Amino acid sequence: MRTMIHSQRNCEDQEKIDHFLTNTRTGLLGLADGPQPYVVPLNYVWWNKCIYFHGLSSGRKISVIRQNHNACFTVFEEFGTVTDPVPAKTDTAYMSVMLFGIVEKVEQLDDSTSVLQQFLNKYVPGYYDRPLSKVHVDKYRSSLDHQAVSVYRMRPHTITAKENPIDEQNMFDSGRSVSNCPAH
């Protein structure tokens, strides 16, 4: 794979970053569990310049956050392989965003209801015929063990983004070979 100076792939376009974070469906929450890293894939929403996720009010993830609320959240998408006649220049088209910040539990019912409505808007747009009610959120329990479900917010203090855009002319697809590609 191609070796590059990483700053060449930095993305500084805040509108593109916001769009990517708003529309990508899964991210990875990275935590420090003592000397061990602990990374959890999560559905999330990017709203009001924060990452939100929800889950049980107990468990390993919550125990780790209580011990150390510093976190990294990574969102990425791989778009395919970019071909080149020179094997060492074969590459991957992608976008990735890393956010570093503090995780906190959302305590206000109004705020939790608004965030959970954002989840519904993102993952099942138009499915429900009325907005989520505070009463429903207040009584919401896990179907697994009937524990209360909580909403968490990560307020990023640092955001970095990198991208290698799709190169339509050189994207790999099955059946494509260096012998049947246009000359470079």
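Are Arg130 and Asp129 buried or exposed? In this predicted model, Arg130 is exposed, and Asp129 is likewise exposed. The side chains of these two residues meet in a salt bridge, with an N to O distance of 3.7 Å. The salt bridges of the model come to a count of seven, and several of them are described below together with the elements that carry their residues.

Helix 1, which comprises residues 14-23, has Ile17, Asp18, Phe20 and Leu21 as buried residues. Viewed down the axis of helix 1, the buried residues fall within an arc of 165 degrees, so they line one face of the helix. This arrangement can be read against the geometry of the α-helix, which has 3.6 residues a turn, so that residues three or four places apart point the same way. Exposed residues Glu15 and His19 are carried on the face of helix 1 that is turned away from the buried side. The cover over the buried residues of helix 1 includes strand 3, strand 5 (70-82), strand 6 (91-105), helix 3 and strand 7. At the start of helix 1, Asp13 contributes a side-chain oxygen that reaches to within 3.1 Å of the backbone nitrogen of Glu15.

Two salt bridges involve residues of helix 1. In one of them, Lys16 pairs with Glu163, and the closest N and O atoms are 2.9 Å apart. This pair links distant parts of the chain, since Lys16 belongs to helix 1 and Glu163 to strand 7 (residues 149-164), the two being 147 residues apart. Glu163 has a relative accessibility of 17% and therefore counts as buried, whereas Lys16, with a relative accessible area of 35%, is partly exposed.

In the other, the side chains of Asp18 and Lys49 meet at an N to O distance of 2.6 Å. Because Asp18 lies in helix 1 and Lys49 in the loop between strand 3 (45-47) and strand 4 (50-56), the salt bridge ties together parts that are 31 residues apart in sequence. Asp18 counts as buried at 17% relative accessibility, a value that falls under the 20% limit for that class. Lys49, by contrast, counts as partly exposed at 47% relative accessibility.

The loop between strand 3 and strand 4 that holds Lys49 is also the place of Asn48. The backbone of this loop has positive phi values in residues other than glycine, with phi near 55 degrees for Asn48 and near 65 degrees for Lys49. Asn48 is exposed, its relative accessible area being 54%. Elsewhere in the chain, Glu104, Arg153 and Arg155 are linked in a network of salt bridges.

Helix 2 (residues 60-67) is the place of Ile65, which counts as buried at a relative accessibility of 9%. When residues up to four places away in sequence are left out, Ile65 touches Leu29, Leu31, Phe53 and Val103. Ile65 and Ala32 are 33 residues apart in sequence, and their C-alpha atoms are 8.4 Å apart in space.

Helix 3 (residues 109-123) contains Thr113, which has a relative accessibility of 7% and so counts as buried. The side chain of Thr113 reaches the backbone oxygen of Leu109 at 2.8 Å. Residues touched by Thr113, not counting those up to four places away in sequence, are Leu132, Ser133, Lys134 and Val137.

The region that follows helix 3 includes a nonpolar surface patch of about 350 Å², made by Val124, Tyr127 and Tyr128. Of these residues, Tyr127 is placed in the loop between helix 3 and helix 4 (134-139). With a relative accessibility of 61%, Tyr127 counts as exposed, the class that requires a value over 50%.

How values were computed. Residues numbered from 1 in each chain as written. Predicted model: local features only at pLDDT ≥ 70, side-chain atom pairs only at ≥ 80, totals over all residues. Heavy atoms only, no water. Helix = DSSP H or I, 4+ residues; strand = E, 2+ residues; numbered from the N terminus. Buried < 20%, exposed > 50% of the residue type's maximum accessible area, 1.4 Å probe, protein only. Polar contact = N/O pair within 3.5 Å; in protein donor to acceptor, adjacent residues only side chain to side chain. Contact = heavy atoms within 4.5 Å. Salt bridge = Lys/Arg side-chain N within 4 Å of Asp/Glu carboxyl O. Patch = residues over 30% accessible without salt bridge, like charges linked within 9 Å, V, L, I, M, F, W, Y side chains within 5 Å. Areas by Shrake-Rupley, 256 points an atom, 1.4 Å probe, with all protein chains shown as cover. Arc of directions from axis to C-beta.
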